[in-house]
Each structure stands twice: as C-alpha cells, then as structure tokens.
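Here are my notes on the model, point by point. Please read them with the structure open.

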Amino acid sequence: MNVESIVNAVLAVVWSPYLVVLCLATGLYFSVRTRFVQLRALPDMLRLMFRHERSDAGVSPFQALSLSLSSRVGVGNIAGVAMAIAFGGPGAIFWMWIVAFLGASSAFIESTLAQIYKDRDAKGQYRGGPAYYIEKGLGQRWYAVLFALVTVLAGAMLAGTQSNAITSAVNEAWDVPVMVTTCVLLVVLAAILLGGVRRIARVAEWVVPVMAVAYLLVTAVVMVLNVERVPEVIALVLRSAFGVDAAFGAMIGTAIQWGVRRGVLSNEAGMGSGAHPAAAAEVSHPVKQGLVQSFSVYIDTMVVCSATAFLILSTGLYNVYDPAVNGVPDEARLLLGNLPGVEAGPRFVQHAVESALPGFGKSFVALAILPFAFTTILALYYMAETNVSYLCRDRPRGWVMGTFQLLFLAATGYSAMNSATVAWALGDIGVGMMSWLNIIAILLLQRPALAALRDYEDHRRHGRDPLFNPKLLGVRNTSVWAQ
C-alpha cells in the first residue's frame, strides 16, 4: 500500500458523511440560536471592521481580520473551487454558499469565545484560540492539548497545499524549476516568520486587500466578456445542486460533500483557525471581533470563491469526473471533458483567463496565487505557533520555537515538491480533524458566547459603546478581561 492510498483511506474516515452533516447542522443551529446574527448584524460588521483600536498587547480589528483572511483567502479560492467543480460538479458551488452562510454563525461563536478566553503570552501579547477556550471554558486540559497537537500538525499539512500550488503555478506559467521556487519561498518565509505576529499582521494588512481587489477586477473583466452566459451559469449551478441537471443529476450527494469540504477548507468556519487571529485583536467587547470574523466568511466564499466559480463556468473550460468510477485514470472517468489532459486545480483558472485575455491568463493566475498562498502560509504558521505557545504554557523556550519553525519550513518545502494529490488530501485531513474537535467544543461551550451577544445588543439598544464585564454575565476564567 503506497503513501497516497494510506492518505486517501484516512481522508475517507475523517471526511465521512457524518462530518458533512455536523458542519451544516451546527451552522443551522447557531444561526437559529443567534437569531441569524450573520444577517441582522451586517451594518455593525462593516462599521467595526475599520475601527483602529490597538495596544501593545493586541492588533487592530482590521489587522486581525486581514490575518484571518490571509488564512481564508488562499489557494482554496482558486484551486479549491476548481477541484470542487471537477469532483462535485457545478452544484458544489451552491453548497459552498450554504456552508458559508450557515458557517458565518459558527465563526461568530468560535471567535467570540476566543476573545472571551484569550490570554497573554510571556511577551505580553494576546494569545487565544480553541485550545485556550477548551481549557478555560470546559475545564478539559487533555482535550485542549489534543486540539493543540492536531492544529500544529494540521497547520503544516495545510501550508503544504499552498506551497505546492505556488510551485505548480510558477512552473506552469514560466517553466521555473520546482526546486528553485521552493528555495526562494522558504528563504522569504523564514525572514518574515522570525519577525513574529506583528510583522505577519503588517504584511497581511497590506497584501490581502491588494491581492483580492486585483484578482476580483480581472475575474470581473472575464465575466463581462462572457456576460451573456452568466444567467445560464446560475441556472446550471442550481440544477446541479439539486440533482435535476441532465449531465450531473446523479452527483447530488457528491456535490454536497465536495461543496461542504471545499467550503470549510476555504472559509474555515467551525474549523477553529479563525479564532486564533480573532483573539489577538484589541477590542472593548468580544462580540465586536466575533462579528468582524463572521463577515470574513462572506468575503471569502460569497465574493472570492464565487468569482472563481463564475470565471470557470462562464468560459466552459473545466472537466467533471464521474464519482462512481474508481481505480482508473482520470481521463477514463470524464463526464465532461472540455480540458482533456489538464489536471484539476489552478490550471482550470489559468485556461479560463487565457481564453478571454490571450497571453495573460497563465501569468496572471500564477501572480495571483503567489500572494494568496504566501499570506495563507503566514496565517497558518501563526495558528500553529499559537498552539505551540499554548502547549508550553505561553512560555516556550527559544530552542522549542526554533525547532518548530524549522519543522514547519521543512513540511512546507516537502509538500511544495511532492504530488499535488497527496498535498491536498493531507490538507483536507488537517481541516477535518480540527473541525471535529472544534465543533464539538463550541457546541458544549456556547453559553458564554450567546450571553456576550445579548450583553452587546443590550448596550447597543441603550446607545452605549459595549464594554465587556464577565463578572456581570457569570463568566469565569477570563484572566485578561478580569484585570
């Protein structure tokens, strides 16, 4: 049994239909419990996003949002969407939208909890995330340690999907050897990582908005050139999502599974990764950052992922593979083969842009992937580093952090030069393991977040700027807020 077979066997267990149901059901449950805060609080989300509160201990809400978006807006928005279409059909896009809308409420709960139970590390900077709220809120140190260990491992796995996409896209566009791109990537990455969370946040604050706007502008140009096909694309997505399309009618189960899996990988709602940068923000009330992080799910899926989907579907340049056929080469599984011989992933997007803007597509997509993937690696490193810090009781020795950095760089470099199939499967395993552990935790620990939401809304109704006092809500073990 080779490595790829072992990885796929583990993936099938982690991403069973039970996890798909759990992600959707949890999002629906929290939507009802918060009275659809992801819709009601949209004006507050936009207002809070650009507040400039910060301190020596924490970053601004916008910096925390940018750091979170660095993780959410990545290769999953380009290659991940293409793979969802290839293996789940066009209908997978609809289920990505559903998991984003429902998942925005899960993102609100986990990010609010991260703020409530955040702590300070040895340097006085805010740290937090699922491991912290599991220990402080649930009182289960063993569960928190398990989550932290899984997250450190998952961070390295997910970073590999990003580095692999960088080397693949650069090789496709400019024929640069994979080894050369990998070496340059690791040198630049190491220089930024040594600067700590503040340097990561500063890089993300500038790079994320610029790269997102540039990518959206080009996708908009391509869509305008194919505007007459947009209504048919929408109809195709809806028909495929509910199994009534002639070509993709039998793929409804696969469409749901791939839509949810790629949706969670992309927007990370319920996975717990967005809770780490949320805890680093300086705010006067935990709900403020919870709302900001909830809005980031919309930016990721409803805007960036949708742009990629419409780009691919409107040009018609994609393949779809029959989920019922296994054990044969991909070419023998084709239900739709508009790009024969082209591997699912960023190459779909490169061909789509190239068809509308000849001589520009491959290079542009490679240039877009570079900052998308690179800032995602930075955010994943921050997530993993936070959990290393937690495991060391926020006082990691220099050699511990140095060893971790070397191992993270080694894992990133290994996947950059490995098979794309294995790299993506490992990333999905990381997402799945984190999601299982975190969703169970936030379901058990929902009350403090819901109490904080009621407190925030009470302050707003009386025209006051919300200030959080955990004692009034009966919330304990909130060391930062108690000071």
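1. Start with the lining of the second largest cavity. Helix α7 gives the largest share of that lining, three residues. This is a predicted model, and the points below should be read as such.

2. The second largest cavity holds about 60 Å³ of space. Its lining consists of Cys23, Thr26, Val99, Gly103, Ser106, Val264, Asn267, Ala269, Gly270 and Ile439. Two or more lining residues come from each of α2, α7 (92–116) and α13. The count of cavities of 30 Å³ or more comes to four.

3. The largest pocket has about 1,000 Å³ of space. It is lined by 38 residues, and Met83, Phe87, Trp258, Arg333 and Thr421 are the closest to its centre. Six elements are worth highlighting in your viewer: α1 (3–14), α6 (79–88), α9 (141–174), α13 (252–267), α16 (346–356) and α19 (420–444). Each gives two or more residues to the lining of the largest pocket. Helix α13 deserves a second look, as it gives two or more residues to the lining of the second largest cavity and also to that of the largest pocket.

4. Is Ala156 buried or exposed? Ala156 sits in helix α9. Its relative accessible area is 17%. The cut-off for buried is under 20%, so Ala156 counts as buried. For a sense of distance, take Gly89, which is 67 residues from Ala156 along the chain. The C-alpha atoms of the two are separated by 29 Å.

5. On the surface, Leu28, Val32, Phe36 and Leu39 make a nonpolar patch. Its area is about 350 Å². Of these residues, Val32 lies in helix α2 (residues 17–33). Helix α2 also gives two or more residues to the lining of the second largest cavity.

6. Does the length of α20 agree or disagree with its residue count? Helix α20 covers residues 446–461, which makes 16 residues. At 1.5 Å a residue, the expected span is 22 Å. The C-alpha atoms at its ends are 23 Å apart, so the two values agree.

7. Many positions of α20 are worth checking for burial. Gln446, Pro448, Ala449, Leu450, Ala451, Ala452, Leu453, Asp455, Tyr456, Glu457 and His459 are buried. Polar and charged names, including Gln446, Asp455, Glu457 and His459, appear among these buried residues. Just after α20 comes Gly463, with a positive phi of about 75 degrees.

Definitions and conventions
Residues are numbered from 1 along each chain as its sequence is written. This is a predicted model: local features need pLDDT of at least 70, side-chain atom pairs count only at pLDDT 80 or more; totals for chains, interfaces and linings use all residues. Side-chain values use heavy atoms; hydrogens and water are left out. Patches are made of residues with over 30% relative accessible area and no salt bridge: like charges are joined within 9 Å, nonpolar side chains (Val, Leu, Ile, Met, Phe, Trp, Tyr) within 5 Å. Accessible areas come from the Shrake-Rupley method with a 1.4 Å probe; for residues, only the protein chains shown count as cover. A salt bridge is a side-chain nitrogen of Lys or Arg within 4 Å of a carboxyl oxygen of Asp or Glu. Helices (H or I, at least four residues) and strands (E, at least two) are DSSP runs, numbered from the N terminus. The expected span of a helix is 1.5 Å times one less than its number of residues. Buried means under 20% relative accessible area, exposed over 50%, partly exposed in between (1.4 Å probe, protein chains only). On a 1 Å grid over the protein atoms alone, a cavity is a set of points where a 1.4 Å probe fits but cannot get out, and a pocket is an open set with protein on both sides within 12 Å along at least five of seven lines; lining residues have an atom within 4 Å of a point. Grid points are joined across faces, edges and corners, and a volume is the space filled by probe spheres set on the points.
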